[in-house]
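Hi,

Here is the structure I promised to pass on. Have a look at it first, and my notes follow below.

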Amino acid sequence: MRYRGGMQLSHDFSGALRTFAYFMASGTHYMLKGVDYLDLYGTEPSAIEMVFAIFVNVIELDDEGNVLNFTYAQKRATDYLRSYCEPSFQIMPPLEDWEMELYCPPSR
């Protein structure tokens, strides 16, 4: 049975998130070539948490739920991870607080 009590995210957003998650989890994201980040999944989950927080905080949808800035949202998130793994890497422009906001999960 499918819950129908509220607004659902669009198929476009679902596809964007799934695609980003796949390439992040597989270690094959084209924006992270040469960055060895897969070990962070088991050892530093807060770094991966921040990557996904940045991605979803930055991504924008139009009134129909179409994703407007998929590449840019990925870039901001992957730049964070690159700077995490390579401290000499400078994110330009620097990340703003709202991009890195961690929101609480919904109550059970």
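**What I found**

On one side of helix 1, His 11 and Arg 18 are exposed, opposite the buried residues. By exposed I mean over 50% relative accessible area, by buried under 20%, and by partly exposed anything in between (1.4 Å probe, protein chains only). Helices here are DSSP runs (H or I, at least four residues), numbered from the N terminus.

Before going on, some ground rules: this is a predicted model, where local features need pLDDT of at least 70 and side-chain atom pairs count only at pLDDT 80 or more, while totals for chains, interfaces and linings use all residues. Residues are numbered from 1 along each chain as its sequence is written, and side-chain values use heavy atoms, with hydrogens and water left out.

Back to helix 1. The buried residues there are Phe 13, Ala 16, Thr 19, Phe 20 and Met 24. They sit on the same side of helix 1 because they cover an arc of only 130° around the axis, taking the directions from the helix axis to the C-beta atoms. What covers them? Helix 2 (40-43), helix 3 (45-58) and helix 4 (70-85) are included in the cover, with contact meaning heavy atoms within 4.5 Å. Just after helix 1, Gly 27 takes a positive phi of about 75°.

Next, the largest nonpolar core (buried Ala, Val, Leu, Ile, Met, Phe, Trp, Tyr and Cys residues joined through side-chain atoms within 4.5 Å). This core has 24 residues, and those touching the most other members are Met 24, Tyr 37, Val 51, Ile 54, Ile 59, Tyr 80 and Leu 81. Helix 1, helix 3 and helix 4 each supply at least two residues of the core, and the largest share, eight residues, comes from helix 3. Leaving aside residues up to four places away in sequence, Ile 59 touches Phe 13, Ala 16, Val 67, Asn 69, Phe 70 and Ala 73.

Asp 79 is worth a click too. Asp 79 lies in helix 4 and counts as buried because its relative accessibility is 5%. Among residues further than four places away in sequence, Asp 79 touches Phe 89 and Ile 91.

Finally, the cysteines. How many disulfides does a search of the whole structure find? Zero, where a disulfide would be a pair of cysteine sulfur atoms within 2.5 Å. Cys 85 has 28% relative accessibility, so it counts as partly exposed, and Cys 104, at 72%, counts as exposed.

Cheers
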